[in-house]
Amino acid sequence: AAVNDGGISAVGETALAAFQSGVAIANAGVGAVHALASGIGAYTDLPHGLICGILLPRVMEINLSYSLKKYAEIGRILTGGDGRDSEMAESAVKAVRGLAGALGIPNSFRSAGESGIADIAEAVVDACADGGSMQSNPRPFERQVWVDLLKKFK
């Protein structure tokens, strides 16, 4: 509603949600999306939220098997569905992709005007490897997994 209508109530609720999420993020390890987004933001002019929106579905895919029950619950909440955990976890990724598309978030950095992500992949991953956000990610850190992910963004 805040995106489509711009009404004061919806915008106010979105602002409150953004504030509350900021408080939560400040007090918890937030995982690979934010870790990578911080590194990418240091090398580009892209907004942090846009970087997170581009990365989120792909990082969710990488994390699925390491946090299946949590992703399944997200899938149930986002879709209203009720199925096996593996199906519902996959539906969470699909729902997040759909939401990102509905909000106009591109599915690649190139579409966002940045074509050099593959060139900075190793530096970004090395910069965030030891940080709390990456260390709190469901999948244990494996440098090459994250370098490979970023290098897919040619």
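Me: Let's say lining residues are those with an atom within 4 Å of a pocket's grid points. Going by that, which helix gives the largest share of the lining of the largest pocket?

Reply: Bear in mind that this is a predicted model. Helix 2, helix 3, helix 4 (68–79) and helix 5 (85–102) each put at least two residues into the lining. The largest share is eight residues, and they come from helix 3.

Me: How much space lies in that largest pocket?

Reply: The lining runs to 28 residues, and V33, L56, M60, Y71 and I74 are the closest to the centre. As for the space in the largest pocket, it comes to about 730 Å³.

Me: By class, how many residues of the lining are nonpolar, polar and charged?

Reply: Tyr and Met count as nonpolar here, along with Val, Leu and Ile. Y71 and M60 are among the residues closest to the pocket centre. Over the whole lining, the split is 18 nonpolar, nine polar and one charged.

Me: Moving on to the cysteines: why is C128 not bonded to C52?

Reply: A disulfide needs two cysteine sulfurs within 2.5 Å. The structure holds zero disulfides, and C52 is in none. Burial doesn't tell these two cysteines apart, because C52 is buried at 10% relative accessibility and C128 is buried at 8%. The sulfur of C128 is too far for a bond, since the closest cysteine sulfur, in C52, lies at 12 Å.

Me: Which residues touch the most other members of the largest nonpolar core?

Reply: That core has 27 residues. Helix 2 (32–43), helix 3 (48–63), helix 6 (117–128) and helix 8 (143–151) each supply at least two of them. Apart from it lies another core, of seven residues, with L64, Y71, A89 and V96 among them. Back in the largest core, the residues touching the most other members are L36, L55, F109, W146 and L150.

Me: Take F109 from that group: which residues does it touch, leaving out those up to four places away in sequence?

Reply: F109 is one of the members that touch the most others in the largest core. With its sequence neighbours set aside, F109 touches I40, L46, I51, I54, L55, E114, I117 and F153.

Me: Which elements do the buried residues of helix 8 pack against?

Reply: The buried residues in helix 8 are V145, W146, V147, L149 and L150. W146 and L150 also belong to the group touching the most other members of the largest core. The buried residues of helix 8 pack against helix 2, helix 3, helix 6 and helix 7 (132–135).

Me: How far apart in space are A32 and C128, C-alpha to C-alpha?

Reply: A32 sits in helix 2 and counts as buried because its relative accessibility is 1%. Outside its sequence neighbours, A32 touches A37, V59, S133, M134, N137 and W146. A32 and C128 are 96 residues apart in sequence, but their spacing in space is 8.7 Å.

Me: Is S91 buried or exposed?

Reply: S91 belongs to helix 5, and it touches G75 and T79 beyond its sequence neighbours. The cut-off for buried is under 20%. S91 has a relative accessibility of 16%, so it counts as buried.

Me: And Y66: what is its relative accessible area?

Reply: Y66 is found in the loop between helix 3 and helix 4. Leaving aside close sequence neighbours, Y66 is in contact with P138, R139, P140 and E142. Y66 is partly exposed, with a relative accessible area of 39%.

Technical notes: Residues are numbered from 1 along each chain as its sequence is written. This is a predicted model: local features need pLDDT of at least 70, side-chain atom pairs count only at pLDDT 80 or more; totals for chains, interfaces and linings use all residues. Side-chain values use heavy atoms; hydrogens and water are left out. Buried means under 20% relative accessible area, exposed over 50%, partly exposed in between (1.4 Å probe, protein chains only). A nonpolar core is a set of buried Ala, Val, Leu, Ile, Met, Phe, Trp, Tyr and Cys residues joined through side-chain atoms within 4.5 Å. Helices (H or I, at least four residues) and strands (E, at least two) are DSSP runs, numbered from the N terminus. Contact means heavy atoms within 4.5 Å. On a 1 Å grid over the protein atoms alone, a cavity is a set of points where a 1.4 Å probe fits but cannot get out, and a pocket is an open set with protein on both sides within 12 Å along at least five of seven lines; lining residues have an atom within 4 Å of a point. Grid points are joined across faces, edges and corners, and a volume is the space filled by probe spheres set on the points.
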